[in-house]
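Q: Got a minute to go through this model with me? I'd like to start with the contacts and then wander a bit.

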Amino acid sequence: VAMDDNNTSVVYERLKAVSKIAYRDTRLLRGLDTKTHFSEVRDVRLMRGDGESVSFTDWPTTTLETYDDLSDVYEFYYYLAHRRSQSRMKRDLQQFEFLMRWSRLSDAEQRAQYNTFACNEF
């Protein structure tokens, strides 16, 4: 590419292959059965106790929230405890707030917390 205030010139040049990796066909070799209909189905279920579930069938008006990490789950339960005025649940959750800062704790602080709350879930 050569450029000045009024012009731009481009020369295209084909480069020689430098890779020794053989071409590999990555197409879908075994396609879907053409005699059967397929569609994407979004199915989210909220599991309740003893295998009972709730299905969301009206997707256009359904709001869905995902939880990507532990801090999202923690904040959700803390919000529920606050909203339902469950002071004991809030107190219990506050004990484990340090988990949201785990990567920022020093080794000594991590060991101290682990010694206090050591269990297989932790």
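A: Sure. This is a predicted model. Of the contacts in the protein chain with a separation of 6 or more, 9% are between residues 24 or more positions apart.

Q: What's the order of elements from the N terminus on?

A: The run is β-β-β-β-α-α-α, so to speak in shorthand, with 4 strands and 3 helices in the protein chain.

Q: How much of the protein chain is buried?

A: Buried residues are 7% of the 122 residues. The accessible surface of the chain is about 12200 Å², and carbon and sulfur atoms account for 50% of that.

Q: Back to contacts. What does Leu70 touch, leaving out residues up to four places away in sequence?

A: Leu70 touches Leu99 and Met100. Leu70 itself lies in helix α1.

Q: And how far apart are Leu70 and Leu99?

A: In sequence they are 29 residues apart, while in space the C-alpha to C-alpha distance is 8.3 Å.

Q: OK, let's stay with α1. What span does α1 reach?

A: From its first C-alpha to its last, α1 reaches 20 Å over 14 residues, close to the 20 Å expected at 1.5 Å a residue.

Q: Which residues in α1 are buried?

A: Tyr74, Leu80 and Ala81 are the buried ones there. Looking down the axis of α1, you'd find its buried residues within an arc of 130°, so they line one face of the helix.

Q: Why would residues a few places apart point the same way in an α-helix?

A: An α-helix has 3.6 residues a turn, so residues three or four places apart point the same way.

Q: What do the buried residues of α1 pack against?

A: They pack against α2. On the face turned away from the buried side, α1 carries the exposed residues Glu75, His82 and Arg83.

Q: Any greasy stuff on the surface? Which residues form the nonpolar patch?

A: Tyr67, Leu70, Val73, Phe76 and Tyr77 form that patch, and together they have about 430 Å² of accessible area. Leu70 is the residue we met earlier, touching Leu99 and Met100.

Q: Where does Tyr77 sit, and how much of it is accessible?

A: Tyr77 is in helix α1. Its relative accessible area is 39%, so Tyr77 counts as partly exposed.

Q: What follows α1?

A: Ser85 does, and its phi is positive, near 55°. Ser85 lies in the loop between α1 (70-83) and α2 (87-95).

Q: Why flag a positive phi?

A: Because most residues other than glycine have a negative phi. Ser85 is a residue other than glycine with a positive value.

Q: Is Ser85 buried or exposed?

A: Exposed, because its relative accessibility is 64% and the cut-off for exposed is over 50%.

Q: Switching to charges. How many salt bridges does the count come to?

A: The count comes to 1 salt bridge. Glu97 forms a salt bridge with Arg101, and the closest N and O atoms are 3.2 Å apart.

Q: How accessible are Glu97 and Arg101?

A: Glu97 is partly exposed, with a relative accessible area of 30%. Arg101 is partly exposed too, at 31%.

Q: Last one: where is Gln110, and is it buried or exposed?

A: Gln110 is in helix α3, which covers residues 107-117. Gln110 counts as buried because its relative accessibility is 17%, and buried means under 20%.

Q: So what does Gln110 touch, skipping residues up to four places away in sequence?

A: Trp102, Ser103 and Leu105 are what Gln110 touches.

How values were computed. Residues numbered from 1 in each chain as written. Predicted model: local features only at pLDDT ≥ 70, side-chain atom pairs only at ≥ 80, totals over all residues. Heavy atoms only, no water. Helix = DSSP H or I, 4+ residues; strand = E, 2+ residues; numbered from the N terminus. Buried < 20%, exposed > 50% of the residue type's maximum accessible area, 1.4 Å probe, protein only. Contact = heavy atoms within 4.5 Å. Expected span 1.5 Å × (residues − 1). Arc of directions from axis to C-beta. Areas by Shrake-Rupley, 256 points an atom, 1.4 Å probe, with all protein chains shown as cover. Patch = residues over 30% accessible without salt bridge, like charges linked within 9 Å, V, L, I, M, F, W, Y side chains within 5 Å. Salt bridge = Lys/Arg side-chain N within 4 Å of Asp/Glu carboxyl O.
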